[in-house]
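Colleague: Please take one part of this model and go through it closely, residue by residue, so that I can follow along at the screen.

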Amino acid sequence: MKFAGKDIYKLIPQRKPFVMVDEFEATGDNAGQSALCVRTDNYFILPDGTMAETGLIEHVAQSCSALAGSHALSGGSSAPPVGIIGEVKHFSCNRRPRSGERIETTVSFGMSFGNVTMATGKSYVCGEQIVEITLKIFMQ
């Protein structure tokens, strides 16, 4: 099932102006795809019109949150879980996206131990990979 617009709020606990996912679709038990159109009013836009690296990390983290939210929703929960970035590993940014560009991201969950999950993400603009990251996420 694809989520977009206000339906995203069913999957993530974040609210405006700090929402970094416009669309999300689960593509398997532990994988999903998201998208974000970079707008000039985005919290992470720099003076040169590009998105800061911290915004890219937050976009991938919220994409992981949407994946966890889709799991929770399919399991009967009425609210998405809250996750906290515990560690950023292997972050690589080839370039920052510009205002007006659409970021498409794939995320997947790896090993979990208790309330800690390893997640990976890759982000693309027009087929060009711009980000690769591994996150350790603590789920509350």
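Modeller: Thr40 is a convenient place to begin: setting aside residues up to four places away in sequence, Thr40 touches Ile45 and Ser99, where contact means heavy atoms within 4.5 Å. This is a predicted model, in which local features need pLDDT of at least 70 and side-chain atom pairs count only at pLDDT 80 or more, while totals for chains, interfaces and linings use all residues. Residues are numbered from 1 along each chain as its sequence is written, and side-chain values use heavy atoms, with hydrogens and water left out.

Thr40 sits in the loop between β3 (31-37) and α1, the elements being DSSP runs numbered from the N terminus, with helices (H or I) of at least four residues and strands (E) of at least two. Thr40 counts as exposed because its relative accessibility is 65%; the scale calls a residue buried under 20% relative accessible area, exposed over 50% and partly exposed in between, with a 1.4 Å probe and protein chains only. Across from this loop residue, the C-alpha atom of Arg98 is 9.0 Å from that of Thr40, although the two residues are 58 apart in sequence.

The loop that holds Thr40 leads on to α1, and Gln62 is a residue of that helix. With a relative accessibility of 1%, Gln62 counts as buried. Its side chain has a polar atom 2.7 Å from the backbone nitrogen of Met20; a polar contact is a pair of N or O atoms within 3.5 Å, and within protein one atom must be able to donate a hydrogen and the other to accept it, residues adjacent in sequence counting only if both atoms are side-chain atoms. Beyond four places in sequence, the contacts of Gln62 are with Ile12, Gln14, Phe18, Val19, Met20 and Val21. Two of these residues, Val19 and Val21, are also touched by Ile8, whose other contacts outside four places in sequence are Phe3, Asp22, Glu23 and Phe24. In the sequence that runs up to these residues there is also a cis peptide bond, from Lys16 to Pro17, with omega near 10 degrees, and Pro17 belongs to the loop between β1 (2-4) and β2 (23-28).

Ile8 brings us to the largest nonpolar core, a group of 30 residues in which Ile8, Phe24, Met51, Ile103 and Leu135 have the most contacts; such a core is a set of buried Ala, Val, Leu, Ile, Met, Phe, Trp, Tyr and Cys residues joined through side-chain atoms within 4.5 Å. Two or more residues of this core are given by each of α1 (53-74), β5 (102-113), β6 and β7 (128-139). The helix α1 supplies the largest share, eight residues.

From the core we can move to strand β6 (residues 116-125), where Ser123 is found. Ser123 is buried because its relative accessible area is 0%. Its side chain makes a polar contact of 2.7 Å with the side chain of Thr105. Apart from neighbours within four places in sequence, Ser123 is in contact with His59, Val60, Ile103, Glu104, Thr105, Glu128, Gln129, Ile130 and Val131, a list that includes Ile103, one of the core residues with the most contacts.

Glu104, another residue on that list, is placed in strand β5 and counts as partly exposed because its relative accessibility is 43%. Its side chain is joined to that of Arg102 by a polar contact of 3.0 Å. Leaving out neighbours within four places in sequence, Glu104 is in contact with Ser34, Ala35, Lys122, Ser123 and Tyr124. Val21, already met among the contacts of Gln62, is 83 residues from Glu104 along the chain, yet their C-alpha atoms are separated by 9.8 Å.

Two residues deserve a separate look for their backbone angles. Cys126, in the loop between β6 and β7, has a positive phi of about 50 degrees although it is not a glycine, and Cys126 is exposed, with a relative accessible area of 80%. His90 likewise has a positive phi of about 50 degrees without being a glycine; His90, however, lies in strand β4 (residues 83-93), and it counts as exposed because its relative accessibility is 62%.
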